[in-house]
Amino acid sequence: MSSTSQPTHTKTFLLACGGTGGHLAPGIALAEALLARGHNATLLISSKKVDSRLSEKYPHLNFRRVPSAPLPRNPFLLPVFLLRQLHGFLFSINLVRKTKPDGIVGFGGFTTASVIIAGAIFRVPIALHESNRVPGRATRFLQPLATRIFLPPGIAIPGVTRSRMRPMGLPVRKEIQREPRDAARASFGLSPERSVLVILGGSQGATSINNWARENLHTLARDGIQVYCVTGLGKGGDEIITHPDANGRPVKSIFSPFCDRMAALMSAADLVVSRAGSGTIAELIRCVTPAILIPYPQAADNHQQANALYFEQQGGGVVIDQSRLNTLTREVRDTIFNDWLLRKFRENLVRMDRANSLDLLLDDLEQITNRRPPHNAKAGKSASPAA
Ligand SMILES: CC(=O)N[C@H]1[C@@H](OP(=O)(O)OP(=O)(O)OC[C@H]2O[C@@H](n3ccc(=O)[nH]c3=O)[C@H](O)[C@@H]2O)O[C@H](CO)[C@@H](O)[C@@H]1O
């Protein structure tokens, strides 16, 4: 069934996908596809700035904020965390009672737990989607409550039966498609004639990579490389800096805190330098853009390292450890001017794309929610707002 065909009957889904762009972007992709099949979807997000910024672009979707907080590193902040989670849980119980969803999908992260637990109490079919090559805490902790667990190909969770797991790529938003390179460059004010290096730090930005860009801008410009660096919200404003190339001609570089047109930006690039979040990786693959990935060393269970190594093994680009940032300029030069290598990377990226992930995900969600007996038979009369 294609994502535009009509469902046998309309269903209502809650998508717990807040906290970072890496959770929210696949939630948006799924919500748009559910709507296209005639279903209803509510996206549950956090109060973080990045959730507000990313959701702004989708006024046709229904977003709601769930009270939540990330697990603090400082143990003295634990009571605040527990209070916020309790608040989130009461909010979620109320939401599930009122909306009577046919299914709940959790994309991991700190907004997921309260909604999933509330759904389980009312016996709503639950699916968890994990996009990282080391499953996160939320997925591992909540998996006993899930009918279905979607995992990256080749990844399993010990103790979970095969019948509950499905290999699945990350659903990518429908606007993320390769665009014509020169037009994309022109739309960002970049010259179509010169090489373009795009720098990304995931949805929050990466200070150490931003600093590397600033410190090496003049060297890159001397080689004729234009830089477009997305610094992250709260990590500086919009800036245009010009340095001379080896012949004294100006080379423009641009710094911007956020990008609303990620597909165009990736299409403009010859090469991307980025953190190794699963959302960015899936979009690089969809836009056929080679990358040098620098995994965030503090990511939980070093999952970005696992994501990045898989990308490198599949031939989409290379990985550099954060401790070797001093070699990055040489690596960029060696890659960006090597047309043969860039072509090989692009050929591999085309092969790596799991373009049908969204349709497979939708088909499976429709199937697991079909099995569900009528709402009252499961949740009992107390689940009905009229009771
Ligand atoms: C530090 C950390 O632990 N990050 C995790 C976080 O990623 P994080 O949210 O940082 O980053 P991802 O790379 O996974 O996704 C970023 C998403 O935000 C979008 N975007 C980003 C910047 C911007 O200016 N505009 C914009 O639209 C991107 O297009 C993409 O869709 O969740 C991911 C999914 O679980 C994990 O793989 C990452 O390891």
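What follows is a short exchange about a predicted model and some of its annotated residues and strands. Residues are numbered from 1 along each chain as its sequence is written. In this predicted model, local features need pLDDT of at least 70 and side-chain atom pairs count only at pLDDT 80 or more, while totals for chains, interfaces and linings use all residues.

Colleague: Is G22 buried or exposed?

Modeller: G22 belongs to helix 1 (residues 21-36), helices being DSSP runs of H or I with at least four residues, and strands runs of E with at least two, numbered from the N terminus. A residue is called buried if 20 or more other C-beta atoms, placed from the backbone, lie within 10 Å of its own, exposed if 12 or fewer, and partly exposed in between. Because G22 has 25 C-beta neighbours inside 10 Å, G22 is buried.

Colleague: Which residues is Q304 in contact with, leaving aside its neighbours within four places in sequence?

Modeller: Q304 sits in helix 10 (residues 303-314), and two residues are in contact if their C-beta atoms, placed from the backbone, lie within 7 Å. With sequence neighbours within four places left aside, the partners of Q304 are R275, A276, G277, P295, Y296 and A299.

Colleague: Which strands stand at the edges of the open sheet with the order 10-11-9-8-12-13-14?

Modeller: The 7 strands of this open sheet have mixed pairing, where two strands pair if DSSP finds at least two bridges between them. Each edge strand has a single partner strand, so one side is left without a neighbour in the sheet, and these are strand 10 (239-244) and strand 14 (317-319).
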